[in-house]
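Colleague: I've got the model open and I'd like to go through some of the labels on it. Can you walk me through the reasoning?

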Amino acid sequence: WDYWNEMCESAVLVKDDLAEFQMPSPFLHGLVLLSHFQSHLLSEGVGLRHICDFVVFANTFSDEKFTEIFETGLKQVGMWKLAQILSLIAVEYMGMPYRAWMGEDRNTARELLADILAGGNFGRKDRQRAYEGFFIAEEGTAEAKNNGFSQAFRSLNRLIENHWPAAKKCFLLYPIGWVFFPCRYMIRRLLGKRKVSVWKSYRDSKKRKDLYQ
């Protein structure tokens, strides 16, 4: 489902006293907010502001309207459960009214909030959490299905592509990157420029990965 291609086509022009801008359809607006949350969740971690971004938006819809607009589409892209859990966090801890579409999985909501608070970053980039994300999912993806070391290898390939875009055409750059980037990390670690422990990141990532799957 390539919803992103529909973004511009379905957007409407909005004007107010300060600005004029294109606003996506309600469904795509919600999908963007959830995708942004998920990308942070699987990398350096999220802050409470990311939860508020979505739940304030969701609370503007009636129960019937929210279900009508979002349930089918979010289930198709695998984000309906995430929408429910984020909203339950807001119900449990922020005073948001409970809605029937949110379900009853409050245990997962509590576990996710505990994970967010454990990061201690409230949306600020945290290097330790970012390294944990290296074992959970590739940057820019929403998958957390591979085992930790397999995922680390995939994330390393993505790191190589981000730093050396030519690698996508010249595959010989990948084995060079497999040596260069780990060695660079080790040198910086020895020089005290990297305080993050890769082994600790791997251990801590396992609990987060189990929660996100």
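Modeller: Sure. Buried means under 20% relative accessible area, exposed means over 50%, and partly exposed is in between. Keep in mind that this is a predicted model.

Colleague: Why is Glu92 called partly exposed?

Modeller: Its relative accessibility is 27%. The cut-offs are 20% and 50%, so Glu92 counts as partly exposed.

Colleague: What makes Glu92 and Arg106 a salt bridge?

Modeller: The closest N and O atoms of Glu92 and Arg106 are 2.6 Å apart. The limit is 4 Å, so the pair qualifies. Glu92 sits in helix H5 and Arg106 in helix H6, so the bridge ties together parts that are 14 residues apart in sequence.

Colleague: And how do you know that Arg110 forms a salt bridge with Glu92?

Modeller: Same kind of check: their closest N and O atoms are 3.1 Å apart, and the cut-off is 4 Å. Arg110 is in helix H6 and Glu92 in helix H5, so here the parts tied together are 18 residues apart in sequence. Salt bridges with shared partners join Glu92, Glu104, Arg106 and Arg110 into one network.

Colleague: Why is Arg110 called partly exposed?

Modeller: Arg110 has a relative accessible area of 35%, and partly exposed runs between 20% and 50%, so the label fits.

Colleague: What makes Glu20 and Lys15 a salt bridge?

Modeller: Their closest N and O atoms are 3.9 Å apart, and the rule asks for within 4 Å, so the pair counts. Both Glu20 and Lys15 are exposed.

Key: Residues numbered from 1 in each chain as written. Predicted model: local features only at pLDDT ≥ 70, side-chain atom pairs only at ≥ 80, totals over all residues. Heavy atoms only, no water. Salt bridge = Lys/Arg side-chain N within 4 Å of Asp/Glu carboxyl O. Buried < 20%, exposed > 50% of the residue type's maximum accessible area, 1.4 Å probe, protein only. Helix = DSSP H or I, 4+ residues; strand = E, 2+ residues; numbered from the N terminus.
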